[in-house]
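Work through the exercises below with the sequence and the model open. Each task is followed by a stepwise solution.

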Amino acid sequence: MNNSIYLVVFAVLSICFADSSAWPQTPAIALPESGLTLSTDSVGPVRFVAVHGHRSAIFGYPKNGLEIWAWPFQILSGYRIGIRPQGAATEIDGDLLLRRIEYAPDAVTRIYIGPNFVIREKLFVPLDLPGAVITYKVEGRGHVDITVQFSPVLNLMWPAGTGGQSTEWNDVRSGYVISDGTGSYTATISSPNVISHDSTENSAIRYGDAIAMTIRPNASAHLFIALNQGRESGALVKQLATDQVTLEQQAGAHYAALVHDTLQIETPNKDVNLALTWSEVALDQAWVCNPDLGCGLVAGYGPSRDVRRPQYAWFFAGDGLVAIDGLVASGQYDRARDELDFILKYQDRKNGMIWHELSQSAGHIDWAGKYPYMFVHVDITFQFLSALFRYVEASGDLDFAKQRWTAIDAAYKYCQAVVDPATRLPRIPLDKEGGNEQDRESDELSLSVAWLEASSAFANLAQWTSHPQEAAKATQAIAPARDSIAARYWDKGRHFWISGHTANGKEIFDERSQPSGLISEQVFSPQQNEILLDKLASSKFQTDWGSRGLSSSSGAFDPDSYAKGSVFALSSSGIAETFWVEHRPVTAFPIWTSVVPWTRLDALGHIHEVLAGDSYRQQTESVPEQTWSSSGFISTAANGMLGLHIDSVSNQIAFSPHLPPEWREITVRNVRLQHAAFDLQLQRREGAIDLTVATKKSSPASIIFDPQIPLGARLLSAECDNHRLAASMEHNEQDEHVHLAFTVTQGAAHCSIWFQGGVEVIPPQVTPQVGDQSTGIKITSVEFRDHSLIVEADVNSAWTRFDIKTAWRPVSVDGGTIGQIAGNLYQVDFDRDERVPDSFGYTHRRAVVHFGHAY
């Protein structure tokens, strides 16, 4: 048997952090040229590791030891090792020798380095078996014994429990067997390399809950952990031992196929490419199959808190709906459909309400009847209808909606039931919560927006499934709701939205950044939307690592709190998408890319749930692998940056990319309609944009190509396959696009757009180090008027410049200075500001760059 570490080679992506110029300050992390494997020598107590299968998982922080689960049971906790070199009397704590960790999609390897030996500990779980394998490979001249210590558990996930557990040593199995007292389940922790073990005899004197066994690797050693139903404890261990290589190969092949078949976005920035691909991997790793409940997406992975409560390795319908958007964006329609079915499986049949939370032990207790968590969030049902609509539109799966129409209709009826006839907007029932779990509210802006979106979604679903009367009624609810939101949730004095109302009707004004998507619903006037966007772009909300949930000027701002000033990755991605949709790409791109460094803050490749609002560090409650963080990152890339709108019902793809000036090309593979699939390759050259559309699954489809061009540029002409096509300009205040429509039948289509002139703004990309405060420029608005570029920004004294790219000749600058860097690239420095900065060191500034004759 070859015990060397198995590395999955992904031919589609070869990345090395050291090659990236955008984030140069990453010496602790390297990526071998072989593919997606990441490594770090920053292995302190805050470096989370996790290995995921559909039926089991290993995860934890070094300080607390690892947990091993076979859903819904925790088999053991506090797993750690001690190392005794041959001839030594003292055992060395393994944590003291841990020097490097390698993360791959299918396994994690931790490397321990001693004076004359190297130990590679490979953590692996099969895709579809309730077990785990830990392999130790020893290299070097020294021989060692490894003591494995852990606390046996074999108990259900919170809040259920079995009781009556006992642990015995089994010579035949060469390991410990844990029983639950009823004989229903056993777990085995065994190794053929054991040379000694703790006694499990009944004793009046105990020295703790942990037990240990010592294994002696002969070049390598293996530990097998298995959950068994009934008293038979040997079959799965035998299968793990016999099929270990095959199981590893299956896991490797699974992730290779995942990367190959899903949406691939290849940019000039390798760090971005890596973050995008790992986001799809993280979505896949959230898929869990529970023998009692079925298969669905869990909300994330983090260490257990309290008793057997791993955050958040259980089911949340709301988190699943966010994850569905990521699955749809990446073309994983089958998995999205399965998650929708899982959510519908537990819908309240009496009133149509969609559930909130489902522990993995729910199959063993009266979860819905005796615990208050199942049907507590009123907002989830509204969100369900919107997510379902986006799935059906992208996939073209009208049969899904037709077959489940009764459940869909019931969900909408539940939404209608909580709408107040006086306001035409939903109210939060006294025994329920809205999206805000921290404050008691009678209504909230985000729920009212969800009603607007749910009515529109239901109207479309009803129309597609031949329910015209239902479609008409839902459509009729939209306009009154829109008018009511505009009147009820706008603070005229503060020029910002109101978050909601207390139980006694008092307005709640706390300067929340959400729901930013409301701006794209055109509920407020264009002038109001511009005010909102300017404020959301400011340093009051924006940091170098994402968007605060509350403005730093809010009286409720608390940068260390979970939801009142902290920075969520999901919200940051959502706000970036709003800025792209509203044609403010100079603001959008830095916000979205500020999430990229999160993928190496803790568990490599994964994205934390929430960071602090005043400095770059994880917030105390944050979960290290949060599913919706990864989903939001990939869906914003597709829907926002690329402007991809997949409409299989109309058999149309819209591609409206907003690429930063420094990216001259991008390739997007596996763009899927229901009956067609395409690869898109865009290249930019001086005065032109070229698009190649290659068919992978042949079927005629309509393509809308609407790329951003430099601000102030003039359209010259457009053609596809050597035929002139009509093209039109789309002028927005902060960007401009060219609109082009054509049909692709088979083979490939080649289109070009020619333009002249224009200017592009390049804000500096600041990569914070842990503990840093925000210092990067926050550009709040960009405008081109009268041959002049007007840039407004919040500026910290640490960064006072931005770059522009233009073929025009700058003649002067108001509010700053300009210097040529090279060719068409210039640097603009804001003038020094003598005003007193705010508490985070920012002042608002304005620079106007004047150009000579534009054309």
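**Exercise 1.** In this predicted model, state the strand order of the open sheet of 4 strands and find its edge strands.

Solution. The order is β50-β51-β56-β53, and the pairing is antiparallel. Next, look for strands that pair on one side only: these are β50 (778-785) and β53 (810-814). From one strand to the next, the twist averages 20 degrees. Within the sheet, antiparallel strands β51 (residues 788-796) and β56 (residues 842-851) are joined by 9 bridges. To fix the register, note that Glu792 stands opposite Arg846 in β56.

**Exercise 2.** Repeat the analysis for the open sheet of 7 strands.

Solution. The strands follow the order β19-β39-β40-β41-β48-β44-β45, with antiparallel pairing. The edges are β19 (264-266) and β45 (723-724). Strand β40 (residues 677-685) and strand β41 (residues 688-697) run antiparallel and share 9 bridges. Here Asp679 stands opposite Ala694 in β41.

**Exercise 3.** Locate the disulfides and describe how each is placed.

Solution. The whole structure contains 2 disulfides. In sequence order of the bonded cysteines, the pairing is 1-2, 3-4.

Step 1: the sulfur atoms of Cys289 and Cys295 lie 2.1 Å apart. The torsion about their S-S bond is about 110 degrees, so this disulfide is right-handed. Cys289 has a relative accessible area of 15% and is therefore buried, while Cys295, at 29%, is partly exposed.

Step 2: Cys720 and Cys751 form a disulfide with sulfur atoms 1.9 Å apart. Cys720 lies in strand β44 and Cys751 in strand β48, 31 residues apart. Both Cys720 and Cys751 are buried.

Methods
Residues numbered from 1 in each chain as written. Predicted model: local features only at pLDDT ≥ 70, side-chain atom pairs only at ≥ 80, totals over all residues. Heavy atoms only, no water. Pairing = 2+ DSSP bridges. Helix = DSSP H or I, 4+ residues; strand = E, 2+ residues; numbered from the N terminus. Axes fitted to C-alpha atoms, helices over the stretch in contact; angles between N-to-C directions. Disulfide = S-S within 2.5 Å. Buried < 20%, exposed > 50% of the residue type's maximum accessible area, 1.4 Å probe, protein only.
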